[in-house]
Amino acid sequence: MHNLPKLGAAMTLALALANANASPAFLINPNSNGGALTNGGQTFRATAINGISSHRISYSGNPLLAAGAGATYVSKGYVTFDSFSDNGMPVSAGRSRANLDYGLYGTFQTTFHCNSLLGHGVGCQITNFDFDMYADPGADNIYHAATLAADGWVDTFGQQYKLAHSSHAVRHGLGGLNELGGAFVNLNFGWTLTDEGKAYFIDPVPFYSAAFSASNNTSLGILCDTANCADARIVAISSISGIQDFNGIPEPGALCLFGLGLMALRVSPRLTLRKGLSRQASPN
């Protein structure tokens, strides 16, 4: 019983370190950048940005290495961020003024390698992701959904404010077409704010270094250049909904301490057992 406090302390240390960087909450000041986006918003808290994306996926043209060896694809398109949420609850557009006084969007290019030519049930590993996030004062841009003949693209009007861009390599990314005919993407990538972005995303400081993106749709939002999308070389995703949130990557020191906490959980019971055996072996 004397070792229960030690076990509790070790467990508390491990859990605290595991959750040290877990909170995805952030604060936004929509009235930033000298009111270039809006003067009618209010600083608000959010945990995620929601949006709709459209992009075209094209076979890279490189020959297959061998039968069943896989294929490389490139997708290009955009995402429009239409709302914010805070732990699943919507943030009022009256506070954010997003899509009222200004728009938020991103353009991207993704490279990924698939197990085979694309088709239902084919999974892919994302190997590169270039992304730029912008604010559109006046929310007057026009968005053109991807088709089999063209990538999704944005017709911009007036000055655009770049808020952030992807950084470093893709930390982890998966995508593909599921068995029901829909598309999916799960991506973890580096995230860096510009000076304008630091004025918009005001907390935490420094801001999170990683972005997490997840998207999904139904078969109604997909067009392929082959029947039933079998061995497709071009796939147009006209609409796919998604969510993006942020987090920090634990520093090596924190991971080391977390490991020590877990070691304490393992060592303490052994110490207890050894002490018990020593007492039994000691003469009275």
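1. To start with the small sheet: three strands form an open sheet, ordered E2-E1-E12, with antiparallel pairing. Strands here are DSSP runs of E with at least two residues, numbered from the N terminus (helices would be H or I runs of at least four residues). Two strands count as paired if DSSP finds at least two bridges between them.

2. The edges are E2 (44-46) and E12 (201-203); each has a single partner strand, so one side of each is left without a neighbour in the sheet. From one strand to the next, the twist averages 45 degrees, with axes fitted as lines to C-alpha atoms (for helices, over the stretch in contact) and angles running from 0 to 180 degrees between N-to-C directions.

3. A caveat on what you're looking at: this is a predicted model, where local features need pLDDT of at least 70 and side-chain atom pairs count only at pLDDT 80 or more, while totals for chains, interfaces and linings use all residues. Residues are numbered from 1 along each chain as its sequence is written, and side-chain values use heavy atoms, leaving out hydrogens and water.

4. Back to the small sheet for one contact: E1 (residues 26-28) pairs with E12 in the antiparallel sense over two bridges. Look for Leu 27, whose bridge partner in E12 is Asp 203.

5. Next, have a look at E15 (residues 234-247), which pairs antiparallel with E3 (residues 48-59) over nine bridges. Here Ser 58 has Ile 234 in E15 as its bridge partner.

6. E15 also pairs antiparallel with E13 (residues 210-216), over seven bridges, and Ala 214 stands opposite Ile 243 in E15. Strand E14 (residues 222-224) is joined to E15 by three bridges, again antiparallel, with Cys 224 opposite Val 235.
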